[in-house]
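Thanks for making time, everyone. I would like to walk through one structure today, going from its charged pairs to its interior and then to the overall picture.

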Amino acid sequence: MKDLKETIQEVRDANGEWRGTFDAMDEAIALLDAEGRILRCNKAMEEFAKKSYAEILGHACNEFCICIGGHNEQCPMNRCRTSLTREAAVFNQGGQWFEVSVDPILDRAGQLQGALHILRD
């Protein structure tokens, strides 16, 4: 049976692998809770937001991304909460066009637990 030290190391290793894969992606990606707060993000999201990982965590996705000003009717995260399916939109920010897609993360009962937020140039 594994001891606690060995288990902790395996979790750290898995986290490092996950982070490396996540950071290798060109799209700005964030893992959100059901309220749209950022739980994790990749380097591309840090670059897009011009903020550090620590400055982004815990904040609402709309503080850094496209539908700045609130989760309105155009906001894919807001629509995802209702539809429980992938929602997407195209926005112009500072003269640059972006596609935002939000994929729901559902629990076994079909309730929204969070979402994957992807921003493409």
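Let me begin with the term I need first: a salt bridge here is a side-chain nitrogen of Lys or Arg within 4 Å of a carboxyl oxygen of Asp or Glu. What you see is a predicted model, in which local features need pLDDT of at least 70 and side-chain atom pairs count only at pLDDT 80 or more, while totals for chains, interfaces and linings use all residues. Residues are numbered from 1 along each chain as its sequence is written, and side-chain values use heavy atoms, with hydrogens and water left out.

With that rule, the count is four salt bridges, and I will go through three pairs, including R86 with D103, whose closest N and O atoms are 2.7 Å apart. This pair links distant parts of the chain, since R86 sits in the loop between helix 4 (76-83) and strand 3 (87-93) and D103 in strand 4 (residues 96-106), 17 residues apart; helices (H or I, at least four residues) and strands (E, at least two) are DSSP runs numbered from the N terminus. How accessible are R86 and D103? R86 is partly exposed at a relative accessible area of 47%, whereas D103 is buried at 18%, where buried means under 20% relative accessible area, exposed over 50%, and partly exposed in between, with a 1.4 Å probe and protein chains only.

A second pair is R79 with E87, where the closest N and O atoms are 3.1 Å apart. R79 is partly exposed, because its relative accessibility is 25%, and E87 counts as buried, because its value is 16%.

The third pair I want to show is R120 with E99, with the closest N and O atoms at 3.8 Å. This one also links distant parts of the chain, with R120 in strand 5 (residues 112-120) and E99 in strand 4, 21 residues apart. Both ends are partly exposed, R120 at 24% relative accessibility and E99 at 33%.

Let me turn to helix 2, which covers residues 43-49 and holds E46. E46 is buried, with a relative accessible area of 13%, and, not counting residues up to four places away in sequence, E46 touches R19, C41, K51, S52, Y53 and I56, a contact being heavy atoms within 4.5 Å.

Helix 2 also matters for the next topic, the nonpolar core, by which I mean a set of buried Ala, Val, Leu, Ile, Met, Phe, Trp, Tyr and Cys residues joined through side-chain atoms within 4.5 Å. The largest such core has 23 residues, and those with the most contacts inside it are L32, I38 and M77. At least two residues of this core come from each of strand 1 (28-33), strand 2 (38-41), helix 2, helix 4, strand 3, strand 4 and strand 5. Which element gives the largest share of this core? It is helix 2, with four residues. As for L32, leaving aside its neighbours within four places in sequence, its contacts are R37, I38, L39, C61, M77, G114, A115 and H117.

There is one aromatic pair, formed by F48 and F98, which is edge-to-face at 5.1 Å centre to centre and 80 degrees between the planes. For this term, rings of Phe, Tyr and Trp (its six-membered ring) pair if their centres lie within 6.5 Å, and planes under 30 degrees apart count as stacked, over 60 as edge-to-face and the rest as tilted. Because F48 lies in helix 2 and F98 in strand 4, the pair ties together parts that are 50 residues apart in sequence, and both rings' residues, F48 and F98, are buried.

Now the cysteines: the structure holds zero disulfides, a disulfide being a pair of cysteine sulfur atoms within 2.5 Å. Why is C61 unbonded? The closest cysteine sulfur to that of C61 is in C75, 5.5 Å away, which is too far for a bond. C61 is buried at 3% relative accessibility, and C75 at 1%.

To finish with the whole chain, the secondary structure comes to four helices and five strands, running α-β-β-α-α-α-β-β-β from the N terminus. Of the 121 residues in the chain, 35% are buried, and the C-alpha atoms fill a box of roughly 55 × 35 × 20 Å along the principal axes.
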